[in-house]
Amino acid sequence: MSRKTVRQITLYDTMSRTKQLLTPLDPTNVRMYVCGPTVYDLAHVGNARPILVFDVLYRLLRHVYGAKHVTYARNITDVDDKINARAVERFPDMDPVAAIRHLTEATAAQFEHDVAGLGALAPTVSPRATDHIDEMRVLCDTLIARGHAYVAEDHVLFNVSSMPDYGRLTNRSLDEMEAGARVDVAPYKRGAMDFVLWKPSDATQPAWPSPGGIAANGRPGWHIECSAMAGKHLGAMFDIHGGGIDLVFPHHENELAQSRCAHGTPALASIWMHNGFLQVEGDKMSKSLGNFVTIKELLADWPGEAIRLTMLGTHYRQPINWTVKGLEDSIKTLDRWYDFIGDAEISAEPAETVMEALTDDLNTPKAVAELHALFSPPAGGAAARTKEEARAALKASAKPLGLLRATASTWSALRTAGVTVDVTKVNELIAARLAARRSKNFAESDRIRDELAAMGLAIKDVKDATTGQPATTWEVKR
């Protein structure tokens, strides 16, 4: 790696219940896996929280280790019983495997569009469960061969009693979990806590050739998919595994068990991270309460950056209360910050205070507080900075949080409700159009202008006030 000294990052590990120093297994390839969406419907604001939490961590890892030395895998679950049921309902005459693909292609595309609107970087890889059926079958067969799984009535089940330390992540013994469990105690199970790795399908459900010598076709259980995808793209052991607190049990506990037993490894991830729950205006989000809101709906009314700042105002491990007032406050803050930094393209290193906050268990509230301090410095030495230095410090320090990515003019355009703009793409198109105009390729220039118009943008050719060179401004059409 090119960096001589690597900044230390500490993260709270769910398994040990302590903050742990991140010590990558391979500093040239820091690996992180995060459980992504089940794409049977639109993603909601609760789904946005892990996306943004681990996006900030991804940005931090890239800053510390270098972008080419970080691998981030976030999966897409595109087969489960909710997906199957909805696919049958919408496409009753279609083959079940084709039906779930048809359904999930659209919902996955909408999800990617929504999280891009929140400013989330694309992961290194976004594996889909149905593209890893072969890997799931191999894991099932390996677990059977190692004595950690068994076949019963066309099911493959994990034998929990074969793993003495099952429950370490949940921090509960097997006896405690059995006493409080609400599990399906099917007659073919050897133990009450045994869980399904593979199950049979009926004629309306997607099906693939089964492992374990089972003649009937079937489909994977929930937990096996993440073990298969993480193993393929990150290896038997990696550095960070993340997700929502609701996934600790049973999903992550079972994923940990089947991966360790299949690979014969002492761990799956060095650090397990989980974000807290989300409430809306003080209540648990639910459709029955009328407070269920999707990311798509939010982006129709609020700029993605305001949603992002609101989310990062609460530490990721704490529960968050999602309110309209919080969004309104974020808008006001971003208005002030963008008015201060203006339109100049400036670069600098993030402030040490911001980096100290982020490297201490991703303390985004503290980092945001430090951004406020940079914007309104105390009297004395800090106040003696030039305005250009102060602008550069604020913009550079917001970058690791995915904030202040645009300019004041762009932010003003994005404040228009109902429009989500890919700022990076717009700037690339404008640069390409200016290049075409300089080379007198007016046909290409007109084509790009039309493409920008189709995106809902109005452009204006001007002269740069500083350089006198041709420039282009844009805004969202009113």
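Helices (H or I, at least four residues) and strands (E, at least two) are DSSP runs, numbered from the N terminus. Residues are numbered from 1 along each chain as its sequence is written. This is a predicted model, where local features need pLDDT of at least 70, side-chain atom pairs count only at pLDDT 80 or more, and totals for chains, interfaces and linings use all residues; side-chain values use heavy atoms, with hydrogens and water left out.

**Exercise 1.** Work out what the strand order of the open four-stranded sheet is, and which strands sit at its edges.

*Solution.*
- Start with the pairing: two strands pair if DSSP finds at least two bridges between them.
- Follow the pairs across and you read β4-β3-β9-β10, with parallel pairing.
- Now look for strands that pair on one side only: these are β4 (70-74) and β10 (269-275), the edges.
- Check the twist: neighbouring strands are turned by 20° against each other on average, ignoring direction. Axes here are lines fitted to C-alpha atoms (for helices over the stretch in contact), and angles run from 0 to 180 degrees between N-to-C directions.
- Zoom in on one pair: β3 (residues 30-34) joins β4 in the parallel sense through five bridges, and Y33 stands opposite A73 in β4.

**Exercise 2.** Find which strands helix α6 lies across, and at what angle it runs to β3.

*Solution.*
- Locate α6 at residues 222-234.
- Look for contact, meaning heavy atoms within 4.5 Å.
- The helix lies across β3, β4 and β9 (238-244), and its angle to β3 is about 160°.

**Exercise 3.** Describe helix α7 from its cis peptide bond to the glycine just after it.

*Solution.*
- Begin with P250, which belongs to α7 (residues 248-263). The peptide bond leading into P250 from F249 is cis, with omega near 5°.
- Next, the span: 16 residues reach 21 Å from first C-alpha to last, close to the expected 22 Å. That expected span is 1.5 Å times one less than the number of residues.
- Then burial (under 20% relative accessible area; exposed is over 50%, partly exposed in between; 1.4 Å probe, protein chains only). In α7, 13 of the 16 residues are buried, so the helix is largely enclosed by the rest of the structure.
- Finally, G264 just after α7 takes a positive phi of about 70°.

**Exercise 4.** R17 and D361 both have positive phi without being glycine. Is each one buried or partly exposed?

*Solution.*
- R17, with phi near 60°, is in the loop between β1 (10-13) and β2 (18-21). Its relative accessible area is 33%, so R17 is partly exposed.
- D361, with phi of about 55°, lies in the loop between α11 (352-359) and α12 (364-375). Its relative accessible area is 1%, so D361 is buried.
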